[in-house]
Amino acid sequence: MVVAELTTSETNFKYIDGRRYNNIEGLKYPLPNDYDELDRLHLQHFVIRHIFQSNFSAPVEHVLNRDGSKVLDVGCGTGSWAFDMATNYPKAEFIGVDISPVQPYSIKPRNVSFINTDVLNGLPFEDNTFDYVFQRLMVISIPRNFWPDHISELTRVLKPGGYLELSEIGPPYELGPVSAKIRSAFEHFSEHKDIDFNVLCKLRSFVEQNGQFNDIHEVKNESFFSPETGKLGRAAIDNIKILFGNLISTLMPILDVTSEEYYEMVNSMCKELSDFNSYQHIIRIYACKMENN
Ligand SMILES: C[S@@+](CC[C@H](N)C(=O)[O-])C[C@H]1O[C@@H](n2cnc3c(N)ncnc32)[C@H](O)[C@@H]1O
């Protein structure tokens, strides 16, 4: 299924083993940005929405129903979340920022727009611009020690009284032998790239330490791969299968296997995830920016 139109010339991209990536010097992000990956991001969006039975947890319903409220989606990917939200809340204005120019530009709700920018270089907005700042699944995009600075930047563009919401997923638990090998290859990659695979455990303290928030809340959930979760578990496994397929150029050299062996390992991992009732934690932290800042 084709899910997005390209917004920029193909010179923004580079190709490795037939997969398309951002052509940006020094970019840490290891995933491709071709249609296979964009389809996966859509699938993942619907899995997460189903797990939480909602698109967000912060108490911002009234804000979203107000004329002209401004919402920022940081690292918006394909824009799945922003599209869903913009359709449900037509009075609010949604802006998605992402380094990858892959968002649809013609077929989209009129209250969504996108800006392609590297969020690690700061956000291209004035102080106190947004009523609600949302960020999801940026664990492999933000260097371990940069999280506090990044949260300060998100806070800068948030209006006093506005809400920040951060959502991350953690490593899988209860693993079979092949899954454990793949997980440890991913941990090796994370160490090497200075990524904190377990950042979800630290999000709350980052927000507390920022010092500009009150009303800090945490909503925890699990994404199970077991057959008992029916279609949801199967969709979660499909997501992991495509994700690790898309990580082939990163993980294959660490595992020191051929591409055939790698895909066999990913297939075995998917069977194990179901057989061993494996799961991942998924978290949402939301907090209100103090009025007197
Ligand atoms: C795992 S995807 C999550 C997408 C979306 N937030 C979601 O939940 O569906 C991570 C996104 O971060 C973007 N990204 C990675 N590094 C970035 C950077 N330095 N600046 C802006 N976006 C970045 C990627 O292009 C990708 O779209």
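## A tour starting from R144

Welcome. Select R144: its relative accessible area is 27%, so R144 counts as partly exposed. Keep in mind along the way that this is a predicted model.

Now add D194, which forms a salt bridge with R144, with the closest N and O atoms 3.7 Å apart. The pair links distant parts of the chain, 50 residues apart: R144 is in the loop between β6 and α4 (147-157), and D194 is in the loop between α5 (177-193) and α6 (203-210). D194 is partly exposed too, with a relative accessible area of 29%.

Next, go to K202 and D196, another salt bridge, whose closest N and O atoms are 2.5 Å apart. Which of these partners is buried? D196 is, at 5% relative accessibility, while K202 is partly exposed at 32%. Then select R204, E208, E218 and K220, which salt bridges with shared partners join into one network.

For another salt bridge, select D131 and R66, with 3.5 Å between the closest N and O atoms. D131 belongs to strand β6 and R66 to the loop between α2 and β3, so this pair ties together parts 65 residues apart in sequence. D131 is buried, with a relative accessible area of 9%, whereas R66 is partly exposed at 42%. By the rule used, the model has 16 salt bridges.

Time for the rings. The model has 15 aromatic pairs. Select F56 and Y89: they meet edge-to-face, 6.1 Å centre to centre, with 65 degrees between the planes. F56 is in the loop between α1 (35-52) and α2 (61-64) and Y89 in the loop between α3 (80-88) and β4 (93-98), so the pair ties together parts 33 residues apart in sequence. Both residues, F56 and Y89, are buried. Extend the selection to W81, F94, Y132 and F134, and you have the cluster that ring pairs link together with F56 and Y89.

Helix α3 is the next stop, with seven of its nine residues buried. Those seven are S80, W81, A82, F83, D84, M85 and A86. Show their neighbours too: the buried residues of α3 pack against α1, α2, β3 (70-74), β4, β5 (112-116) and β6 (130-136).

Finally, visit the largest nonpolar core, which has 62 residues; L72, V133, F244, L251 and Y262 touch the most other members. Centre on F244, whose contacts beyond four places in sequence are I182, F186, L251, Y262, V266 and M269. A second, separate core of 20 residues includes F83, M85, A86 and Y89.

Conventions. Residues numbered from 1 in each chain as written. Predicted model: local features only at pLDDT ≥ 70, side-chain atom pairs only at ≥ 80, totals over all residues. Heavy atoms only, no water. Core = buried A, V, L, I, M, F, W, Y, C linked by side-chain atoms within 4.5 Å. Buried < 20%, exposed > 50% of the residue type's maximum accessible area, 1.4 Å probe, protein only. Contact = heavy atoms within 4.5 Å. Phe/Tyr/Trp six-rings, centres within 6.5 Å; stacked < 30°, edge-to-face > 60°. Helix = DSSP H or I, 4+ residues; strand = E, 2+ residues; numbered from the N terminus. Salt bridge = Lys/Arg side-chain N within 4 Å of Asp/Glu carboxyl O.
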